[in-house]
Amino acid sequence: MPPLLTFDEALALGELTDRDEIAELVERAWEVRRDRFGDSTDLCSLVNAKSGGCAEDCGFCAQSRYAEADTPMHAMMEPDQILEHAKAAEAAGAHRFCMVTQGQGLSKRDFEKIVEGAKLVAEHTNLKRCASVGHISVERAKRLREAGIQRVHHNVETARSYYDEVSTTVRYEGRIRTIEATKEAGLETCVGGILNLGESPRQRVEMAFELAEINPDSVPINLLNPRTGTKFDDRELMDPWEVIKWVAIFRLILPDALFRLCGGRVENLGDLQPLAVRAGLNGVMMGNFLTTLGVDPGEDRESFEELGLNVARQPDNGANPRPDNRSGWLEGETPRTPVDDLIDSQAEANFWDPSTQLRVIKKKGPTPAYPSSR
């Protein structure tokens, strides 16, 4: 479905400040979301399968070696550890589970652990399976597909015109090549970015229309949660109404995408997270994020249910979550889904927990300065 706004119309909506006018925009986005997706939802969870010590200079990321803060770190998880976190995500009501690693790409050994972890998650859970492992070739994308991965996540992060302010060591063109390799391998794509990196309102609209050109299946939007010692650590959080406005604008530009909020939603939105759901979201990232804590899963499910949305598994999010069985990818029966015993509290589930599972490593010697943008 093409964008429901022109570029100029989106720019004009980006200038709204009156809350009543923003509320009208929210209702327009809500109608589009209901028309396209009905009452179904699409809730994700992730595990930070490898953290810290990243050689790249992404200005928002505390894992970068250019960040002055000490590095949150742990080595690549073993496949059975990945499965353990997947089971916790499923018990909390997630429909999807993403295995995330830092850096431009993985060593052969670490990649094999992701492959084996994906096989275990496919075999022992009812979760849709996603991977976010940096740049990949068509050959690696096919390996992921054969292991049961259905979707690959790889963000563009921001508009092409602003990208060099965000990263100089990870090229925008390389990100596009990975997205193209994912599609060539027959996998779904998950492509989004981060708001509040210093981009202009026009560049936010640019990013949305660039995403429309890429046409991903899923669009995750993150909100900067400034991390001490990073390039963007002096930025203020976004005003929650500003966030809600841009969620609605992105929904109208990307009416056909599964649209979700991920990192930074707790800090930037606070009590207005349910209104952001009405602004057009299909889902959120449940549980915790890469290096920060999230929301209790019971609260997230309630945000959707109060709007009359169905957090149960649907055909497009996991009601029959192993269509690969029908095409011969995997053998065996679909495992039992623990929908009758959903976990409401973070403390009840062995979620990925950055507060206890990340080690903080003191950096040796002076931290290199962020490279100048080109």
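**Exercise 1. The chain as a whole**

What share of the 374 residues of the protein chain count as buried? Work this out first, then describe the overall dimensions and the surface.

*Solution.* Before starting, note that this is a predicted model, in which local features need pLDDT of at least 70, side-chain atom pairs count only at pLDDT 80 or more, and totals for chains, interfaces and linings use all residues. Residues are numbered from 1 along each chain as its sequence is written, and side-chain values use heavy atoms, with hydrogens and water left out.

Step 1. Buried residues make up 58% of the 374 in the protein chain. Here buried means under 20% relative accessible area, exposed means over 50%, and partly exposed lies in between (1.4 Å probe, protein chains only).

Step 2. Turn to the dimensions: the C-alpha trace spans about 55 × 55 × 40 Å along its principal axes. The radius of gyration of the protein chain is 19 Å, which agrees with the value near 21 Å for a compact globule with 374 residues. That radius is taken over C-alpha atoms, and the globule rule is 2.2 Å times the number of residues to the power 0.38.

Step 3. Now the contacts, meaning heavy atoms within 4.5 Å. Of those in the protein chain with a separation of 6 or more, 79% are between residues 24 or more positions apart.

Step 4. On the surface, the protein chain exposes about 15400 Å², and carbon and sulfur atoms supply 47% of this area. Accessible areas come from the Shrake-Rupley method with a 1.4 Å probe; for residues, only the protein chains shown count as cover.

**Exercise 2. Two asparagines with positive phi**

Compare the settings of Asn196 and Asn215: which is buried, and which is exposed?

*Solution.* Step 1. Start with the backbone. Phi is near 85° in Asn196 and near 60° in Asn215; each is a positive value in a residue other than glycine.

Step 2. Place them in the fold, which has 13 helices and eleven strands. Helices (H or I, at least four residues) and strands (E, at least two) are DSSP runs, numbered from the N terminus. Asn196 lies in the loop between β7 (193-195) and α7 (201-214), while Asn215 sits in the loop between α7 and β8 (218-223).

Step 3. Check the accessibility: Asn196 is buried at 5%, whereas Asn215 is exposed at 53%.

Step 4. Look around Asn215. Beyond its neighbours within four places in sequence, Asn215 contacts Lys183 and Thr189. Its C-alpha is 8.7 Å from that of Val191, which is 24 residues away along the chain.

**Exercise 3. Cysteines without a partner**

How many disulfides does the structure hold? Explain the case of Cys130.

*Solution.* Step 1. A disulfide is a covalent bond between the sulfur atoms of two cysteines. The test applied is a pair of cysteine sulfur atoms within 2.5 Å.

Step 2. The structure holds zero disulfides. Cys130 has no such bond because the closest cysteine sulfur, in Cys98, is 5.3 Å from its own, too far for a bond. Cys262 is likewise in no disulfide, with the sulfur of Cys44 the nearest at 6.5 Å.

Step 3. Add the burial: Cys130 is buried, with a relative accessible area of 7%, and Cys262 is buried too, at 6%.

**Exercise 4. Helix α11 and the loop before it**

Which elements do the buried residues of α11 pack against, and what does Val295 contact?

*Solution.* Step 1. Helix α11 covers residues 297-305, and Pro297, Gly298, Asp300, Arg301, Ser303 and Phe304 are buried there.

Step 2. These buried residues pack against α9 (265-269), α10 (273-278) and β10 (283-286).

Step 3. Val295 belongs to the loop between β10 and α11 and is buried, with a relative accessible area of 8%. Leaving aside neighbours within four places in sequence, Val295 is in contact with Arg265, Val266, Gln273, Gly287, Asp300 and Gln346.

Step 4. Finish with a distance: Val295 and Asp353 are 58 residues apart in sequence, and 12 Å separates their C-alpha atoms.
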